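Trainee: Got a minute? I'd like to walk through this one with you before I start on my own notes.

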Amino acid sequence: MHNFSRPPEFDPALIARYDVAGPRYTSYPTVPQFQGQYGEAQLREAIRSSNEEPIPRQLSLYVHVPFCMSPCFYCGCNRVITHDMTKADRYLERLYREIELLAPLFDRDRPVQQLHFGGGTPNFLDLPRMRELMRSLARHFSFIGEAEREYGIEIDPRFADAAYVRGLAELGFNRMSVGIQDFDPLVQQAVNRIQSVEQTREVVEAAREASFGSVSVDLIYGLPKQSLEGFSSTLDEVVKLAPDRVAVYGYAHLPQMFKPQRQIDAAQLPAAATRLALFGLALERLCAAGYVYIGMDHFARVDDELAVAQRAGTLQRNFQGYSTHGGCDILGLGASAIGRIGDSYSQNARDLIGYYAALDAGRLPVVRGLALDEDDLIRRDLIGELMCHGVVDKRAFGERHRLLFDTYFARERQRLAPLVADDLVQDDARQLQVTSRGRLLMRIIAMCFDAYLDDQAQTSRFSRVI
Amino acid sequence: MSESGFAPLQPVIAMTFTSQAARLPEPPNPIADDGDQSHFCGTCAFSSVCVAAGYEKPELAELQCLVEHVGPFDPGVHVFRTGDPFRALFAVRSGTVKTRLFDKEGREHVLGFYLPGEVIGLNAIYPERFPCDAVALDTADFCRFSFPAMSALAARVPAVQKHLFRLLSKELGSASLLAGDHSADERVAAFLMDLSARYAARGFPANRFHLSMSRGDIANYLRLASETVSRVLSRFRTQRLIRIEGRELDLLDPPGLLRLGQVLLPG
C-alpha cells in the first residue's frame, strides 16, 4: 500500500514555520541513542541469533573507505584527507582482518544480496586495490548470483574515469552514486570542490555503457554562494545527464560538530528563504523531467527500482536513504560503519586509532550499539512505513504488534494534532496518512513518534528538516 | 512464591492483564490460564490425571500437594539434565522445551519439542534417572508433579493409574518424523503439520504459531542440514503454503502441507 501517487506540495511559508532540526531516521532509534555498553559480545550474540531464524536473512554489506584526496568544506562525513596510498594499505590490512573475523560468524547460506561502498571516497582505492578487496569479500562471504545482486559504490568523478568505471563493472558493481553537489563555479570554489560537467558525464555514461542497473547523483542545496540561477543551470545539466535517481540533500551547517565546515563563511550561506526556494526549484524541475519524489531527499525515474518498490509497497529505509528491499541484515565494515543485525544496531570505532587498536588486538571494532526493545521495534516499523509509503493502516499495524493504535500512541497523537490542523497528516479511526502537503515535512511527522525526543536539547544535534 | 522458590498451585486465580493498557493481551494460553475450578487446566495433557485424582473433591487438597508451579525458566536454561535423579514429571504451562542427548563424540541429538500442555519426563520413570536433557527454548513455566506422591495416589485411585498408563503409551506411539527414507519437503511439511495438530489439540490456533526452536534444532531433529530446512521453508513460502516473518509462521494451505507430509503422519 502506498499513498504517494500525487507529488508533494511545496509551500515555503508552511515549511518555514516548521523549520527546526530533526533526524533523517535512516535508523530508529537514531545513532545518538546507541550505547557504549553494547560491544563485541552483544554483536556476536545478535549474529548467532540471526543465523538461527527459520529462514535467515540475506546480507547487505556496507564498506567504509574513509580517505579523500581533497577536503570538501561542507563535509560532515568521517574521513581522512591524504594522497598517501600506504595509509590506504594500512587501513585495508585492518579491513581484511575485520572481514576474516566477522564473515565466519554468518552461516554460509546467507548470500550477500546488497553491497555498498561509501566514504570518504571509495574510488580513493585504485582498481588493483579494489580487486583485492572484492576478492577478499567474495572469498569470505557468499556472493549472490549476478542477476540478483545490487552492488553499489559512491564515486567522486574528479578521481575516476571511464576505464575505472568499466573496471568496477568487471568486479561486479552495478549501482553507482555520483557526487555533484552543484556545478556553479562560484559555489564549487566556496566549498573547495572543482568538478566539471564533462568529468561527471564521463563516469555516468561509462556506468550506463557498462549496464549499471541504476546511476544516482547527489546534489546539495543551502551551500555558500548558491543562487537560484546557478542551481537552475546545475539542474539543467543534471536532467541532461539523465541519472536514474537524484538525491537532493540540505546542507547542515554545524561547524562545532564538523571541523571542515569551519572553512565556510556563514555569511555566504543563502538566506532561509533562498534555501527553501532552491529545494523548491529542484522539486519542480525534477518532477517536470519525469522524476518522482520518493521521500526525504530522494527522487527517482518512474521506472527506477526505487519507484517500482514504492509502488509495490516494499520500499524500506536504510543508512543510504531508501532501499528496494530491507529484508537483509546489514553488516558495517570499516571505521565508523554502522550495522543492523536482526533487532540490533552496532557501530564501529569512528577514528582510525580505535579501529586499528581493536583489530590489532584481535577484537571486533564495535564500540557502541543498541538492542532494540519492543517499543523501539514498534516505532521503527511505524516511522519506516510513514517515510516509505506515507500511510499506516491502524488495525493491521495494531494486529502486527498486538496493540491498540490510538491508545498506544495517545501522547503522540496529541503531539501530532497541530500537524493534523495544518493538513500535513490525516489521522482518522482507520489510518494515519501523510498528505501531499506533509510529504516535505516528513521528519517533523516522524519526530512526533520518536520516544527519545522529549529532551529538546537533543534536536540541536540534527540538521534542519529541509 | 514459597521459600523453596516454587509457587504452590493456586487453582482459583483469574488471569488479569494490567500491564500496559494500550497493549492487546497475549493470545490466551489455554494451559496457563487455569483460572477457575470448572475450567481447571482443561486442555493440559495431564488434565485427565488431575481429573481422575478428583478435583472439586476432597482429593484436590492431595493433588495440590503433589503439583507445584515452577518457573519461569529463561531461554537456554535446563529444566533437568541427563542423569539427574527422576523425582517428577513436568507439564509445560507456557513456552517450549527441547529434549536432547549428546553422543560419545559430543554431538547433540535433538529428541523432541514439547509445547504447552505436553508432559516431559515420562521416559525417566523406569531408570529413575532422566535419560536426556530438557532445555527451555523460550521463557517456560511448568506444573511439576512429584512422582512418588503420584505413584502413591495411583496405587489408591485406579483411574489415575489408568491415565498415567495412557500418557505413557501415547508417548511411545507418538509420530516419528524420522522413520524411513523421506524427502526433506515431506519431513518439514510433516513437522509443521504435527506442530499444528498439537497446538490445536491444546486449544491454540492451529495455523498461526511462533517457531521457538532454532533452525539448527529443527534440522537436527529432522536429520537435515540447517540450510536444507531454510531452503524448504523458502520453497514453501514461494509456493504460498506458508507465510513466514522472522519466527512467526502462518500455514496458508494446511491441506497442501498435509498432502506433502502425510506419509510421515499418523492416520
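**Domains, helices and a sheet**

Mentor: Sure. Chain A is divided into domain 1, made of 1-29 + 374-466, and domain 2, covering 33-333. Bear in mind that this is a predicted model.

Trainee: How many Å separate the centres of domain 1 and domain 2 of chain A?

Mentor: 26 Å, taken over C-alpha atoms. Across the boundary, 25 residues of domain 1 of chain A are in contact with 24 residues of domain 2 of chain A.

Trainee: Which helix gives the most to the side of domain 1 of chain A that touches domain 2 of chain A?

Mentor: That's α12(A), with four residues. By class, that side of domain 1 of chain A has 15 nonpolar, six polar and four charged residues.

Trainee: Switching topic: at what angle do the axes of α5 and α7 of chain A cross?

Mentor: Roughly 30°, and the axes of α5(A) (residues 162-171) and α7(A) (residues 197-209) come within 8 Å. The crossing of α5(A) with α7(A) is right-handed.

Trainee: And which residues make that contact between α5(A) and α7(A)?

Mentor: From α5(A) you have Ala162(A), Val165(A) and Arg166(A), and from α7(A) there are Glu202(A), Val203(A), Ala206(A) and Ala207(A). Sorted by class, the contact of α5(A) with α7(A) has five nonpolar, no polar and two charged residues.

Trainee: What about backbone oddities in chain A? I'd check those before setting anything up.

Mentor: As background, most residues other than glycine have a negative phi, and most peptide bonds are trans. Tyr25(A) has a positive phi of about 55° although it is not a glycine, and Lys225(A) has a positive phi of about 65°, again without being a glycine. There's also a cis peptide bond from Tyr28(A) to Pro29(A), with omega near -5°.

Trainee: Where does Tyr25(A) lie?

Mentor: In the loop between α1 and α2 of chain A. Pro29(A) lies in the loop between α1 and α2 of chain A too.

Trainee: Is Tyr25(A) buried or exposed?

Mentor: Tyr25(A) is buried, because 23 other C-beta atoms lie within 10 Å and the cut-off for buried is 20 or more. Lys225(A), in the loop between β7 (214-221) and α8 (228-241) of chain A, has 19 C-beta neighbours inside 10 Å, so Lys225(A) counts as partly exposed.

Trainee: OK, over to chain B. How many helices and strands does the secondary structure of chain B come to?

Mentor: Eight helices and 12 strands. Of the 267 residues of chain B, 36% count as buried.

Trainee: How is chain B divided into domains?

Mentor: Domain 1 of chain B is 7-173 and domain 2 of chain B is 184-264. The contact between them takes 14 residues from domain 1 of chain B and 10 residues from domain 2 of chain B. On the domain 1 side, β6(B) gives the most, with four residues.

Trainee: So β6(B) keeps coming up. Which strands form the open sheet with β6 in chain B?

Mentor: The order is β3-β8-β5-β6 (chain B), with antiparallel pairing. β3(B) and β6(B) stand at the edges with a single partner strand each, so one side of each is left without a neighbour in the sheet. On average, neighbouring strands of this sheet are turned by 30° against each other, direction ignored.

Trainee: How many bridges join β5(B) to β8(B)?

Mentor: Four, and the two strands run antiparallel. Thr99(B) stands opposite Ala134(B) in β8(B).

Trainee: And what lies across β5 and β6 of chain B?

Mentor: That's α6(B), running at about 100° to β6(B).

Trainee: Why is α6(B) largely enclosed by the rest of the structure?

Mentor: Because seven of the eight residues of α6(B) (residues 215-222) are buried. Among them are Arg215(B), Asp217(B) and Tyr221(B). The buried residues of α6(B) pack against β5 (97-102), β6 (108-114), α5 (184-201) and α7 (226-238) of chain B.

Trainee: What comes just after α6(B)?

Mentor: Arg223(B), which takes a positive phi of about 55°.

Trainee: Last one: which residues does a cis peptide bond join in chain B?

Mentor: Gly71(B) and Pro72(B), with omega about 0°. Pro72(B) is found in strand β2 (residues 67-73) of chain B.

Technical notes:
Residues are numbered from 1 along each chain as its sequence is written. Chains are lettered from A and ligands numbered from 1 in the order in which they are written. This is a predicted model: local features need pLDDT of at least 70, side-chain atom pairs count only at pLDDT 80 or more; totals for chains, interfaces and linings use all residues. A residue is buried if 20 or more other C-beta atoms lie within 10 Å of its own, exposed if 12 or fewer, and partly exposed in between; C-beta atoms are placed from the backbone. Two residues are in contact if their C-beta atoms, placed from the backbone, lie within 7 Å. Axes are lines fitted to C-alpha atoms, for helices over the stretch in contact, and angles run from 0 to 180 degrees between N-to-C directions. A crossing is left-handed if the near helix is turned anticlockwise from the far one by less than a right angle, and right-handed if clockwise. Ala, Val, Leu, Ile, Met, Phe, Trp, Tyr, Cys and Pro count as nonpolar, Asp, Glu, Lys and Arg as charged, and the others, Gly among them, as polar. Domain bounds come from an automatic or database domain assignment. Two strands pair if DSSP finds at least two bridges between them.
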